[in-house]
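Let's take a walk through this structure together, starting with its enclosed spaces and ending with one of its helices.

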Amino acid sequence: MEKRSQWSSRFTFILAAIGSAVGLGNAWRFPGLANKHGGGTFLLVYLLAMVVMGIPLLMMEISISRKFRKGAIESMRGINKKCEPIGWAATSNAFVIVCYYSVVFAWVILMFLNSWRFAGMTHDAEAAKNLFFDLTKTTGAIEGSLIPGELLVCLILSWGSIFYCIRNGASSVGKVVKFTVFAPVVLLLIMAVKGCTMEGAGEGLAKLFIPDVSAFADPSLWIDAIGQVFYSLSIMMAIMFAYGSYVGDNADIAIDAVIIAFSDMAISVLSGIVMFSTMGGTHMLDKITESGVATAFIVYPQAIVNLTDIGWLNAAFGAVFYLMLITLAIDSAFSIVEGVSAAVSDKFHLKPKTVTVAICAICGVISLLFVSQAGLAWLDIVDNWTNQINLIIIGILECIAVGWLFDLHKVHNEVNRNTKKFKAPYWWLVGSIKIVSPLLLAGLFIWNMIDLFGNKGGSYGGYPIWAQICAGWIVSCLVFASGIIARIVINKKKEKGFEEDEIFWDAPAPESLGTTLKKEALKANQQNRSKKKSKKRR
């Protein structure tokens, strides 16, 4: 049996998990939601949601996958054989997400390579506002099939860098994250210093940190905070199952999960400081929006060209901003591919590198749809269904599977197995996984459905109904039908001799199995030698 890849150290695992959790949403969606919900008010509710839901679910996924040494599909089958389709849904949904996330990554690369253009746009907000549309040729509608050459090159760079980072699984990821996790923090600090030294920055920071008490009465505050925590930590996407399966037996999951979660939040707050101080300094606080794409590619370019009266200096800060987004995007992108690759290779006993090549190739072809002129519209539709519907349902099902169809005492013991200073209380885990999290996620799902069917008449974004059916509802149906389709394929393979792994919670972990067998063989060998010696003496 091939030994499973492992992180080179506990520190490497923490960095990799932080890198996956900290993504583009931290840099652009978090500040937008803080602006929408009274600054400090949102921060308080976000912190509460992180403690009540985010950290326990993160502990749950890491501990389960560490115990089974398997990706999402096999880990869920280990919980209960009937729960395997949940693992397939999480893996399939992640597969869809990375198809378009790689394009957002390509957009960021494109803006970085063209940041020199800001030098000639000093105080020309209109030109800066249109730069993204000029470069991508997007129509913003389901119209147009042209793929800009420069954007295609950026997409190839995007997929090339994703594959390079995960070509050898945990080994290559561990080397990459030592740069990609610290780089955005350094770049954010540079931008924060610049922003905070601008006249008017104080107004922006006050808006970020001073709570607006009246905002607590708005139910959408609680919904948005719960959603941001849920989407930000890379849970329910097969990622933490993959990363957790590479964790060593001596890891302290309770402490590690807390470090990962609060590091994620700290970088979100730092991103908020950058956004609010910069927008305050350029007198654009009213322009901050919860739309990530609008913030990064439309609003922030307008702020960049108004930073100073020196064109090249504005261009330099533009380059720093988009370089920061590149370092944030790449960790999240390759972690999604790794989550899918680990799950599929574990299930079918395939070489991880072969699966990774296949996933990158298939997703790369599909992603061509999103770099076309109609790409932004297609991306918006698919993103809405994968996140606002699929991901939430998967979260609810995963909580039910672990909380109601399994013994949570086992999960609790695994979380606290090596901890010495901080032990996660049982009531905290059971209360979150079994009751609070599924209820909160169910509330989030109901809210989204009321918004879609009650407020929007069942139509999203004003796009053609046929497009919403194809890229939304049909994609969702395929995600949740993937477990059934996979079972048909597996049964066919069984007829040809394929055997599924037997997975039990109390069974030896795969990589320790070889060690156990070696010990037994050594013991037997020593016993044989002893017998031979005793015969000679006789």
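A cavity here is a set of points, on a 1 Å grid over the protein atoms alone, where a 1.4 Å probe fits but cannot get out, and its lining residues have an atom within 4 Å of a point. Grid points are joined across faces, edges and corners, and a volume is the space filled by probe spheres set on the points. Keep in mind that this is a predicted model, where local features need pLDDT of at least 70, side-chain atom pairs count only at pLDDT 80 or more, and totals for chains, interfaces and linings use all residues. Residues are numbered from 1 along each chain as its sequence is written, and side-chain values use heavy atoms, leaving out hydrogens and water.

There are four cavities of 30 Å³ or more, and the largest holds about 50 Å³. Its lining consists of Met191, Lys194, Gly195, Thr278, Tyr300, Ile304, Leu307 and Phe317. Two elements, α9 (182-196) and α14 (292-304), each give two or more residues to this lining; helices are DSSP runs of H or I, at least four residues, numbered from the N terminus.

Now turn to helix α19, residues 426-455. Its 30 residues should span 44 Å at 1.5 Å a residue (times one less than the number of residues), and the end C-alpha atoms, 40 Å apart, agree with that. Just after α19, glycine 457 has a positive phi of about 65 degrees.

Within α19 you will also find asparagine 448. Asparagine 448 counts as buried (under 20% relative accessible area, 1.4 Å probe, protein chains only) because its relative accessibility is 13%.

Key. On a 1 Å grid over the protein atoms alone, a cavity is a set of points where a 1.4 Å probe fits but cannot get out, and a pocket is an open set with protein on both sides within 12 Å along at least five of seven lines; lining residues have an atom within 4 Å of a point. Buried means under 20% relative accessible area, exposed over 50%, partly exposed in between (1.4 Å probe, protein chains only).
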